[in-house]
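Subject: Structure handover

Hello,

Here is the structure I said I would pass on. My notes on what was found in it follow below.

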Amino acid sequence: MILLAAALSATGSAASAPSSQPTAMPAKPSSSPAATPAKPTRGRAGQVVGTVVRFSAGSTSVEVTIDQDNPAVRDLLSMLPLTLKLEEYNGREKIGYLPRKLKLNGSPGSDPEDGDLIYFVPWGNIGFYYNTAGIGYSDLTIHLGVYKATLEQLNRLEGRPVTIEIVH
């Protein structure tokens, strides 16, 4: 007992010990939350626009350049990396379902064009549009980015696990 009291008294009087321990302990929790929000802005320091996201399966990959900064884009980027499967939809797009719906918080609708990666709000899926003929503006179609790939490249991603990750 006397030894324990003496040890406590000695550590309590040492000014450097208590100040170094509390400083080291909070450093871990504060560094972990900082790493999570930084994910969406990895493309360029503090920027979402210009971030490149790679969709890859086997030797095939398609890169999407994020060209808008909105809550849906930021939420998608915060989920990466992830794996999903793409499937054909209606001769217009290759779609894949995310693990959860994106947070929208006022993300604007869009008038999709061929080469757009979009998020379809009601279904919670992303889609690579390659045939937008006759499709107009919708508040339910959120623009995420643009890609340059052939239909053949998109076909090679279909039906197999596709890894999605931020490249730069």
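To start with one residue, Phe-128 is buried, with a relative accessible area of 0%. Please keep in mind throughout that this is a predicted model. Phe-128 belongs to a cluster in which ring pairs link Phe-55, Phe-128 and Tyr-147. The structure holds four aromatic pairs, and two of the pairs are described here.

In one of them, Phe-55 and Phe-128 meet edge-to-face, at 4.8 Å centre to centre and with 80° between the planes. Phe-55 sits in strand β1 and Phe-128 in strand β7, so this pair ties together parts that are 73 residues apart in sequence. Phe-55 is buried, as is Phe-128. The pair of Phe-128 and Tyr-147 is also edge-to-face, with 5.1 Å centre to centre and 75° between the planes. Here the partners come from strand β7 and strand β8, so the pair ties together parts that are 19 residues apart in sequence. Tyr-147 has a relative accessible area of 8%, under the 20% cut-off, and therefore counts as buried.

The sheet

How are the strands arranged in the sheet? Nine of them form an open sheet, in the order β3-β9-β1-β2-β8-β6-β7-β5-β4, and the pairing is antiparallel. The edge strands are β3 (82-85) and β4 (87-89), each of which pairs on one side only. On average, neighbouring strands of the sheet are turned by 35° against each other, direction ignored. Helix α3 (residues 71-79) packs on the sheet and touches β1, β2 (60-66), β3, β8 (141-147) and β9. The direction of α3 makes about 60° with that of β8.

Some of the strand pairings can be followed residue by residue. Strand β1 (residues 52-57) and strand β9 (residues 161-166) run antiparallel and are joined by four bridges. Arg-54 stands opposite Glu-165 in β9.

Strand β6 (residues 116-120) is mostly covered, with four of its five residues buried. Five bridges join β6 to β8, and the two run antiparallel; the bridge partner of Ile-118 in β8 is His-143. Strand β6 is also joined to β7 by four bridges, again antiparallel, and Tyr-119 has Ile-126 as its bridge partner in β7. The hairpin of β6 and β7 has four residues between the strands, and in this hairpin Gly-124 takes a positive phi near 75°.

Two buried residues

Asn-125 lies in strand β7 (residues 125-129). Is Asn-125 buried or exposed? With a relative accessible area of 2%, Asn-125 is buried. Leaving out residues up to four places away in sequence, Asn-125 touches Ile-95, Gly-96, Tyr-97, Ile-118, Tyr-119 and Phe-120.

Thr-132 lies in the loop between β7 and β8. Its relative accessible area is 11%, so Thr-132 counts as buried too, the cut-off being under 20%. Not counting residues up to four places away in sequence, Thr-132 touches Arg-92, Pro-112, Glu-113 and Asp-114.

Backbone points

Most residues other than glycine have a negative phi, and most peptide bonds are trans. Three places in the loops are worth listing against that background:

- Leu-80 and Pro-81 are joined by a cis peptide bond, with omega about 5°. Pro-81 is placed in the loop between α3 and β3.
- Asn-90 has a positive phi of about 60° although it is not a glycine. This residue is found in the loop between β4 and β5 (93-97), and at 58% relative accessibility Asn-90 counts as exposed.
- Asn-105 has a positive phi of about 40°, and it is not a glycine either. Asn-105 lies in the loop between β5 and β6, and its relative accessibility of 67% makes it exposed.

Confidence

The mean pLDDT of the protein chain is 81, and 73% of its residues reach 70 or more. Over residues 1-45 the pLDDT is below 50, and in the model this stretch has 24 contacts beyond near neighbours in sequence.

Regards

Notes
Residues are numbered from 1 along each chain as its sequence is written. This is a predicted model: local features need pLDDT of at least 70, side-chain atom pairs count only at pLDDT 80 or more; totals for chains, interfaces and linings use all residues. Side-chain values use heavy atoms; hydrogens and water are left out. Buried means under 20% relative accessible area, exposed over 50%, partly exposed in between (1.4 Å probe, protein chains only). Contact means heavy atoms within 4.5 Å. Two strands pair if DSSP finds at least two bridges between them. Axes are lines fitted to C-alpha atoms, for helices over the stretch in contact, and angles run from 0 to 180 degrees between N-to-C directions. Rings of Phe, Tyr and Trp (its six-membered ring) pair if their centres lie within 6.5 Å; planes under 30 degrees apart count as stacked, over 60 as edge-to-face and the rest as tilted. pLDDT is the predictor's confidence in each residue, from 0 to 100.
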